Amino acid sequence: MSLKYAVLAALLEGESSGYDLAKIFDVSVSNFWSATPQQLYRELERLAGDGLIDARVVQQERRPNKRMFTLTEAGLRDLHAFAAEPPRPIAIRDELMVKVQAMDGADPAATRALIEERMEWSRGKLARYERLRRHLLGGRDEAEYLRDAERIGPYLTLMAGRSLEESNLRWGERVLEILDRRFNYAGTGGT
């Protein structure tokens, strides 16, 4: 998949500036697709050039003018066609897994620290996802939201992100237990 479809999907929320899209990516899309602001701006230019989005300039008095982007009918058709295609199999590329795979003979304390760091990162992401979840629900319970909301795709991908981070935490806890038993960290705080 290319960044193209992640941007088109983000524009389903409505007209956005490049800056707004970068914030959307940082908060809600980052649980399944990452992009730098520079990548987003380049992709927006390509999509506008391909006629998949419209761009308009908003004049501002005390700030630089900004460009606002919306999906075109062609962009919406392209996105819907993409959404109906079977996805490619997931390919996990995780540097931490390579380090864990290579840990035998290395310093187990270093591996333990890396696992703890990943777990802390997962906790932070879960906290952000919970704030986003509360924002999406807007005071409704989940069943009401899923029944009545105009769009449920962002919530469904949020569920996947939460599940992934919860799984990362369970895996990390199990690995730390194994390392503690194997290297006799129990009672020493792991160091």
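Two aromatic pairs come out of a search of the whole structure, which, I should state at once, is a predicted model. A pair of aromatic rings is described by the distance of the centres and the angle of the planes, and I shall present both pairs in those terms.

Let me begin with Y5 and F82. Their ring centres are 3.9 Å apart and the planes meet at 5°; because planes under 30 degrees apart count as stacked, this pair is stacked. In the chain, the two partners are 77 residues apart: Y5 belongs to helix 1, residues 3-10, and F82 to helix 4, residues 73-84, so that the contact links distant parts of the chain. Are these two residues buried or exposed? Y5 counts as buried, at 13% relative accessibility, whereas F82 is partly exposed, with a relative accessible area of 24%.

I turn now to Y145 and Y155. Here the ring centres lie 5.2 Å apart with the planes at 45°, and the pair is therefore classed as tilted. Y145 is found in helix 7, residues 142-148, and Y155 in helix 8, residues 153-183. The separation along the chain is 10 residues, and this pair, too, is listed as linking distant parts of the chain. As to accessibility, Y145 is buried at 4%, and Y155 is likewise buried, with a relative accessible area of 1%.

Finally, a contact between a charge and a ring. Which residue places its charged end over the ring of W121? That residue is K125, whose charged end sits 4.8 Å from the centre of the ring.

Definitions and conventions: Residues are numbered from 1 along each chain as its sequence is written. This is a predicted model: local features need pLDDT of at least 70, side-chain atom pairs count only at pLDDT 80 or more; totals for chains, interfaces and linings use all residues. Side-chain values use heavy atoms; hydrogens and water are left out. Rings of Phe, Tyr and Trp (its six-membered ring) pair if their centres lie within 6.5 Å; planes under 30 degrees apart count as stacked, over 60 as edge-to-face and the rest as tilted. Helices (H or I, at least four residues) and strands (E, at least two) are DSSP runs, numbered from the N terminus. Buried means under 20% relative accessible area, exposed over 50%, partly exposed in between (1.4 Å probe, protein chains only). A charge sits over a ring if NZ of Lys or CZ of Arg is within 6 Å of the ring centre and within 35 degrees of the ring normal.
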